Amino acid sequence: MITIHHLGHSQSERIIWLCEELGLPYELVHYKRDAVTRLSPPELKALHPLGAAPLIEDQGLLLAESAAIVEYIITRHGNDRLKPGPDHTDYTDFLYWFHFSNGNLQPVMLRLMTVRSAKLPIDHPMLASAQDRLDKVLHHMDTRLGNVPYLAGQELSAADIMSIFSLTTMRLFLPVDFGPYPHIRAYLQRIGERPAYRSAISKGDPDLTPLLT
């Protein structure tokens, strides 16, 4: 059975949700963030040099990095579900949006969070640049979701599982107004109606009300 080491309010919610969607059994080990630093506790750091979350154990294997874990679980345990194959019409869209989450969306949000924390003047060019980049990324996603119900196309895929954390839980750390993005808001409502997503959040972060608006 897969063991998921889950840091509260973190990207490891992706792995819980994935296992719920695939109907896979798993053991969940919870960790709380340090109250001051908001970082991983010593217990999680003892398992991985970077104190990484998510982290899974499976048949003697210890694996970090959410994208690697998602691919591993889908390939090893999920019969390639939630991952369109090379002959599928959505294959290239899936690849693009699967990697977009950690290649663009999450980094630009982290950049803006870092710049905001520096307490720069509101007209500082670094702040404007970081905000502009995030605006472009969200507009890009909103346009995509105006044409299809899910990022890869007509069906939920691992691309969605990789992206939702940044659009929901990450906003606990970086408040973002989704008012200008109606298609993202509608998308989040669709995700929020999924039993597997609701189950994942209730098990992983029962204190969390997902930011689905």
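## Largest pocket

The largest pocket has 23 lining residues, and Leu7, Ser10, Gln11, Arg33 and Ala53 lie nearest its centre. The model is a predicted one. The space in this largest pocket comes to about 600 Å³.

Helix α4 supplies the largest share of the lining, with 4 residues. By class, the lining of the largest pocket splits into 11 nonpolar, 9 polar and 3 charged residues.

## Second largest pocket

The second largest pocket holds about 250 Å³ of space. Its lining includes Gly8 and His9, the run His30, Tyr31, Lys32 and Arg33, and also Ala35 and Arg38. Gly204, Asp205, Pro206 and Asp207 line this pocket as well.

The lining of the second largest pocket divides into 3 nonpolar, 4 polar and 5 charged residues. Arg33 appears in this lining; Arg33 is also one of the residues nearest the centre of the largest pocket.

## His9

His9 sits in the loop between β1 and α1. Its relative accessible area is 15%, under the 20% cut-off, so His9 counts as buried. His9 is also one of the residues that line the second largest pocket.

Which residues does His9 contact, leaving aside neighbours within four places in sequence? They are Arg33, Arg38, Phe165, Thr169, Leu172, Phe173, Asp205, Asp207 and Leu208. Among these contacts of His9, Arg33, Arg38, Asp205 and Asp207 also line the second largest pocket.

## Packing of α3 and α4

Helix α3 spans residues 66–76 and helix α4 spans residues 91–117. The two pack at an angle of about 155°, and their axes are 11 Å apart. Angles over 145 degrees count as roughly antiparallel, and α3 and α4 are therefore roughly antiparallel to each other.

On the α3 side, the contact is made by Ser66, Ala67, Val70 and Glu71. On the α4 side, Phe98, His99 and Asn102 take part. The residues of this contact comprise 3 nonpolar, 3 polar and 1 charged.

## Burial of α3

Which residues of α3 are buried? They are Ser66, Ile69, Val70, Tyr72, Ile73 and Ile74. Ser66 and Val70, both buried, also take part in the contact with α4.

The cover over the buried residues of α3 includes α4 and three strands: β1 (2–7), β3 (55–58) and β4 (61–64). Helices α1 (13–22) and α6 (158–167) are also part of that cover. Helix α4 thus has two roles in this report: part of the cover over α3, and a source of 4 lining residues in the largest pocket.

Methods: Residues numbered from 1 in each chain as written. Predicted model: local features only at pLDDT ≥ 70, side-chain atom pairs only at ≥ 80, totals over all residues. Heavy atoms only, no water. Axes fitted to C-alpha atoms, helices over the stretch in contact; angles between N-to-C directions. Parallel < 35°, antiparallel > 145°, perpendicular 65-115°, else oblique. Contact = heavy atoms within 4.5 Å. Nonpolar A, V, L, I, M, F, W, Y, C, P; charged D, E, K, R; others polar. Buried < 20%, exposed > 50% of the residue type's maximum accessible area, 1.4 Å probe, protein only. 1 Å grid on protein atoms, 1.4 Å probe; cavity = no way out; pocket = protein on both sides within 12 Å on 5 of 7 lines; lining within 4 Å. Points joined across faces, edges and corners; volume = space filled by probe spheres on them.
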